[in-house]
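Me: Got a model open here and want to go through a few spots. Can you take some quick questions?
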Amino acid sequence: MAGSTTHPPELDPTRWAVLAILSGSLLIIAMDATILNVAFPSLVADLRPDSVEQLWIIDAYALALSGLLVTAGALGDRWGRKRLLLVGFAIFALASLLAVAATAAWHVIAARVLLGVGGAAIMPSTLTILRQVFTDARERALAYAVWSAVFGGGMALGPVIGGLLVESHGWQSAFLLNVPIAVVVIAFGLWLLPESRSPRTGKWDWPGVGLSIVGMGTLAGGIKQLGKAGAADPVAWVLPVVAAVTLTVFVRRQLRLANPLLQVRLFTHRAFTMAATAIFLGMLGLGAALFLLSQWFQYVQGYSPVSAGLHLLPAPIALILASMFVPPLMHRFPPRNVLASGLALMGVGLALPWIGQHFRDVDYVLVGVSLAVVGFGVGTLATVASVVLMSSAPAAESGGAAAIDETAYELGAALGVAILGSLASSLYRADLADLDLGPADLAAVRESIGEASVVADRLGTGSLLDRAGEAFTSAMTPTFLAGGVVAMIAAGLAWRLIPRDLQPAPDTH
């Protein structure tokens with residue numbers, strides 16, 4: 001699948017230590033995408049952010065990271081991937097300390113943006129260094145599987161670790177965890193990680209940097225605004241138009257440059273494009289499910305942060321197990337079969353508990369089985385998709401391919417919250433239009449289930465929170481079904497668009 005199965009004459013003796021360091025690097029990046037899901041109620045109660053600030057606290061990290069990954073991948077090629085990774089960890093540690101000291105919502109948003117900058121500096125180096133260090137095809141496939149397991153598992157384990165920390169030490173501990181890990185990775189990275197670059201000539205493409213950041217930011221902002229204000233809001237349509245124009249100009253510019261920031265011609269390979277799309281959709285479904293279920297467990301079911309995290313545990317366990325089983329399957333079956341099966345499993349898992357019945361009436365056993373099926377599906381599709389994506393790109397373009405891979409992960413997780421989260425929010429608000437409350441309280445209750453909890457506590461009425469919980473529960477049913485339908489459609493596309501006899505790109509160094 002990923003190249004010749006014969007062993008090269010020499011294998012890097014430090015390759016497994018390098019994998020361990022890069023896995024540790026990836027773990028905290030992935031956890032930071034979701035760790036606030038269970039810390040969020042405590043943070044909201046402490047800092048009292050409004051609905052817009054709440055969305056930015058959740059999304060700022062992943063959106064900043066996604067917008068900068070292409071630029072960071074090109075910078076690593078020129079400046080050195082090891083150097084960029086270590087600088088990224090220094091930024092990550094500093095941003096975490098700033099978040100711990102936050103006393104207002106905008107402090108947390110600024111810290112999350114800076115965390116995204118650090119994460120963007122770290123992530124493109126990981127897959128590229130793995131491709132350089134693991135020269136044996138089967139070992140490389142295993143390394144990619146570990147990478148996918150750590151990233152997906154870290155996203156899913158974030159709420160569990162966050163719940164344990166928040167319950168005992170407050171929401172600030174979710175950020176403080178990053179600091180010692182960053183220090184350890186920097187120390188061992190200086191010692192063991194190899195330095196590598198790709199020879200690039202020509203001037204740095206500053207206009208391309210600006211276009212990529214503006215394009216991705218306005219795309220995500222438009223989706224969030226559409227979910228928040230509805231289709232009648234002109235801003236919800238202006239932002240996607242700006243994004244489409246900006247990204248079109250970016251692509252056309254990259255096609256003209258001899259040494260572009262992003263080799264967009266990689267997308268002419270159908271397998272490459274479908275693999276990136278599969279990763280995006282997998283993370284979209286997983287990110288939305290974890291975000292919505294974390295709130296549902298705490299606000300509607302009344303679980304503590306730790307209990308909510310533990311109830312989400314079937315997803316990361318199944319995801320990690322799937323990632324370990326996939327490499328042998330890729331040597332026995334065509335990659336399109338494995339990828340399509342993963343997407344189909346995710347779709348079934350999302351739809352499983354809520355087909356034909358009210359979400360509130362679903363027993364947790366069925367929810368746990370659903371989470372496990374979603375996790376197994378995402379673990380399967382993410383592992384094989386990363387191998388397909390990296391194998392479809394020449395080694396000279398591995399930095400750009402890695403940036404696209406990681407952009408699909410982060411953008412999928414962010415837009416999962418934005419798209420499916422906004423759909424759930426719209427349905428939630430529509431169901432609460434007839435509440436007998438004052439204008440200010442009604443507006444607050446309709447903003448989010450978290451604000452409804454605050455208002456209910458202030459007014460001393462449990463019935464208000466019950467009513468809001470029913471609305472939130474009702475909104476989740478069509479939202480999860482929509483995610484399941486999208487996954488099933490993607491499974492069919494993967495089956496049709498990825499060649500059965502996929503061959504890797506020439507792996508020249």
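Me: Phe 272: buried or exposed?
Reply: Buried. This is a predicted model, and in it Phe 272 has a relative accessible area of 0%. The cut-off for buried is under 20%, so Phe 272 qualifies.

Me: Which helix is Phe 272 in?
Reply: Helix α11, which covers residues 270-300.

Me: And what is Phe 272 in contact with, leaving aside neighbours within four places in sequence?
Reply: Leu 266 and Phe 267, for a start. Then Leu 389, Ser 392, Ala 393, Ala 401 and Ile 404.

Me: Take Ala 401. How many residues apart are Phe 272 and Ala 401 along the chain?
Reply: They are 129 residues apart. Their C-alpha atoms are separated by 8.9 Å.

Me: Switching to Arg 112. Where does it lie?
Reply: In helix α5, residues 105-133.

Me: Does Arg 112 count as buried or exposed?
Reply: Buried. Its relative accessibility is 1%, and buried means under 20%, so Arg 112 falls in that class.

Me: What does Arg 112 touch, not counting residues up to four places away?
Reply: Asp 32 is one of its contacts. The others are Leu 36, Ile 57, Ile 58, Ala 60, Tyr 61 and Phe 175.

Me: Now the whole protein. How many helices and strands?
Reply: There are 19 helices and zero strands.

Me: What share of the residues is buried?
Reply: 58% of the 509 residues.

Me: And the exposed area, what supplies it?
Reply: The protein exposes about 19000 Å². Carbon and sulfur atoms supply 67% of that.

Me: Last one. Of contacts with a separation of 6 or more, what part is 24 or more positions apart?
Reply: 83% of them.

Key. Residues numbered from 1 in each chain as written. Predicted model: local features only at pLDDT ≥ 70, side-chain atom pairs only at ≥ 80, totals over all residues. Heavy atoms only, no water. Helix = DSSP H or I, 4+ residues; strand = E, 2+ residues; numbered from the N terminus. Buried < 20%, exposed > 50% of the residue type's maximum accessible area, 1.4 Å probe, protein only. Contact = heavy atoms within 4.5 Å. Areas by Shrake-Rupley, 256 points an atom, 1.4 Å probe, with all protein chains shown as cover.
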